[in-house]
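Got your viewer open? Let's take a walk through this one, stop by stop, with something to select at each.

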Amino acid sequence: MVKFDVDGAQNVEVSVKIPCEKSLKEQLVIMEEYTKVHKACADAPKEVREVECLKVLYPRMFRSIEPEDLIAGRLDFLPIGFGCVTSLGGVGHYCVFHKLREFQSQLTDESEKKRVDILYDYWLEHDLKTVYCREVLTQDTIGRFIDCNYPLIATARLSGMMLDYPKLLEKGIGGLKEEIEEKKKYSPDNSFYEGALGCLNIFVKSAEYLCEMAKKQMKSCDPGRRDELETMCRSLKKIQTEKPETFHEALQLVWLYALLSGVINYGRLDDYLGPYLAADLKNNRITEEEAYRYVHSLWTMIENRRTTVNGRIIVGGRGRKHPEEADRFLHLAMKAAKNCRYVEPQFTLRLDKDTSDEIWNEALDALGAGATYPTLYNDDVNVPAVSYGMRVDEKTAEQYVPFGCTEYVIQGQSTGTPNVCINLLKILNIFMNEGIDPMDGKDKSGGFPLKKLEEYQCFEDFYKGYQGFLDYYLDLSVQAQYHSYDVMNRQVSFLFTSILTDDCLKRGKALLDGGVRYLGGTNEIYGSINASDSLWAVKHLVYDTKKYTLKELHQAVLHNFEGYEAVRKDCLACDKYGNDLDTADGMANDLYEFVAKGVRDRGIRQGMQYFLVVISNNQLNTEWGNQTAASPDGRLSGMYMNPANNPQGGADKNGPTALLNSLSKFDAKYHGGSVQNIKFSPSMFRENREIIKQLMKTYFKKGGCHLMVTVVDKAELEDAVKHPEKYPNLIVRVSGFSAVFVNLAPNVQQELLSRSTYDEERFGIRE
């Protein structure tokens, strides 16, 4: 059995979690009860076990209603419990072992500490991710997410589910119960239907619990707050059985269901909440200011969940059923994003050629204020791209929604969780070193036969050899991805999520048991531009100009360029991606298409509807770079790698137009999301608005699929490194997520500082 560190971190956690409201003793009791029920239900259908375990948690895990809350629902999470993603607790029936040990360290009673040891030992055999790791990880080729010593890392999670919230609103909890009961008549022994009804009963009890909590607060509050709590109570009572009629009722229903399902993304809120908002405003049930306060409260509730890379709210774009009403919500959301300046929600604007200048200007206003939101997605490119990549018609593709670090799914119809990540640069290093990772001296070839460098007589042979080695790792990646679904399905049904995912109720099956309409997946790729720039350096310096032999270049790299400074200078001087050069850009595109097509083809052969690369970044480019040796592009050992689809920090020398031209060259139909970052100085962005707007519009016309914008002064970032106490609210775009700059690790801060900041000088604008 392969050894791995069960106590290792499972995900990126930049946002500081809000401490649990419950006492240590109460937390321990809940975890013991959960474990007892899990053990007692070992021989029951997985749906029965899931519901019984959820009953231990809900409504018990709800926190108090805060004085500023306008909708009800805050949750605590324990080191043991049930969930979909590691951002909130864990996956399926989970134990987060390092957090359980942290919890144990807070206890003073030795008998209580021993009780924790018993829990720890039980979950070593039953934690879903640990079960997956035992079955999939290898000694040297596949590591546990996020063990950066490996070229490929894998995990089990159900990230990015975007539920069919319109169906929830249309039917309400009562209507969903009726639908399930009707289907159960024809399949009385179906344990999925029984479990689904059990979950909806948990929803009702949770709404009752929150309603009672609000009533208690009414006894000791001022009249204004009492009115707010009365509205909350009315909505909580209504949604237990009936479908919503008002904006507040709709908002409360969606929010509470999302909490109980463990889902941390919210889809196209403008389209499905817009009609309720517009009707309330038209009938004078609420004012514009009251509506804004509800949206602002939602922003705060999402921020307080602290999921770092999630909390997606999507507005705008093609395929909305209620565009006029949706825009009423959109405008309020733009205002909230600008005013709140939180790191979450990941507020997203879908644009197309028909998007009004009013909406463009609102977006630029928010970005100019330093909000880092909205992130911008180009529907004119993305809709046909999703149609091709996911093998669906364009009408279906119009319902694409990004989540996390920009992965796409079809709202309410697909899963596309990224359960594998691959480091293209580390694989190149291992390939050039005959299977040995220069970073730690371990053989990571997996037995794949590799030739000696001197046997490659031309670049085409060298490149083909690297592609063959990549193929080996791509085979491993699709197997690891698909197996994650098998392990999760054996353990759990994700019942709350399945209820609102097509076609689970129709088929009578949980989403990973054959219920989901489109079973997809995504493979996050890292170091792709470092790898392509390295390939170009090899081609130019070894085979085109013959300045060095391949072995000489490799020796310089192995020595981290120490004593080979002239070689490194030549490597750095080679053409680099991000400068609108056919040379380096062409190599980057060729490598991208090889990997992207290879991943997609393997997913289809495996039986998935789609399996697509995501050119992503969530600070893993820095952490993985720290464990990746020097490379022929001139990058030093342990240095951060390029972020997502952007050049290595500072490599773009030809200005913003050249950078965006390079970014737009990748054909979007081969990927399932690609992060594109650009950073402007505040003076350039605010004082040259029309230039910025036209730059972005031109980029989108030329095929750009996406843009994430940070408006910040580099000098301010540099000062924040030295004096973090002065900048508690300085927000930056890391890549797939935003963060408070001073909360980032020093190595991540340095990677951000290395990226070009486009100011008047870089634009060629003179005073």
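Helices and strands here are DSSP runs, counted from the N terminus: a helix takes at least four residues (H or I), a strand at least two (E). Keep in mind that this is a predicted model.

**The whole thing**

Start zoomed out. You should find 30 helices and 18 strands. Along the principal axes, the C-alpha atoms fill a box of roughly 80 × 65 × 55 Å. A compact globule of 767 residues would have a radius of gyration near 27 Å, and the protein agrees with that at 26 Å. Buried residues make up 65% of the 767. Of the contacts with a separation of 6 or more, 75% are between residues 24 or more positions apart.

Now colour by charge. There are 95 positive and 110 negative side chains, and the centres of the two sets lie 2 Å apart.

**Stop 1: two cis peptide bonds**

Select Glu 344 and Pro 345: the peptide bond from one to the other is cis, with omega near 5°. Pro 345 sits in the loop between α12 (323–340) and β6 (347–351).

Next, go to Phe 145 and Ile 146, which are also joined by a cis peptide bond, this time with omega of about 10°. Ile 146 is in the loop between β3 (142–144) and β4 (152–154). For background, most peptide bonds are trans, and most residues other than glycine have a negative phi.

**Stop 2: two positive phi angles**

That second point brings us to Asn 284, which is not a glycine but has a positive phi of about 60°. Look for Asn 284 in the loop between α10 (269–282) and α11 (288–305). Asn 284 is exposed, at 67% relative accessible area.

Then select Thr 372, another non-glycine with a positive phi, about 65°. Thr 372 lies in the loop between α13 (357–368) and β7 (375–378). Is Thr 372 buried or exposed? With a relative accessibility of 2%, Thr 372 counts as buried.

**Stop 3: Phe 494**

Find Phe 494 in the loop between α17 (459–491) and α18 (495–499). Phe 494 counts as buried, at 2% relative accessibility. Show what surrounds it: setting aside neighbours within four places in sequence, the contacts of Phe 494 include Glu 50, Phe 82, Cys 84, Leu 158 and Leu 512. Draw a C-alpha to C-alpha distance from Phe 494 to Val 51 as well: 9.9 Å in space, though their positions lie 443 residues apart in sequence.

**Stop 4: helix α22**

Select residues 565–573, helix α22, and look down its axis. Val 567, Asp 570 and Cys 571 are buried. These buried residues fall within an arc of 100°, so they line one face of the helix. An α-helix has 3.6 residues a turn, so residues three or four places apart point the same way. Spin round to the other side of α22 for the exposed Glu 565, Ala 566, Lys 569 and Ala 573. What do the buried residues of α22 pack against? Show α20 (528–544) and α21 (550–558) and you have the partners.

**Stop 5: Glu 593**

Move on to helix α23 (residues 582–606) and pick out Glu 593. Glu 593 is buried, with a relative accessible area of 18%, and the cut-off for buried is under 20%. Beyond its neighbours within four places in sequence, Glu 593 touches Gly 598, Asp 667 and Tyr 670.

**Last stop: helix α29**

Finish at α29 (residues 746–754), where the buried residues include Val 748, Leu 752 and Leu 753. Among the elements covering the buried residues of α29 are α24 (620–625), β15 (677–680), α28 (714–722) and β17 (731–733).

Technical notes
Residues numbered from 1 in each chain as written. Predicted model: local features only at pLDDT ≥ 70, side-chain atom pairs only at ≥ 80, totals over all residues. Heavy atoms only, no water. Buried < 20%, exposed > 50% of the residue type's maximum accessible area, 1.4 Å probe, protein only. Arc of directions from axis to C-beta. Contact = heavy atoms within 4.5 Å. Rg over C-alpha atoms; globule rule 2.2 N^0.38 Å. Lys, Arg positive; Asp, Glu negative; His and termini not counted. Charge placed at Lys NZ, Arg CZ, Asp CG, Glu CD.
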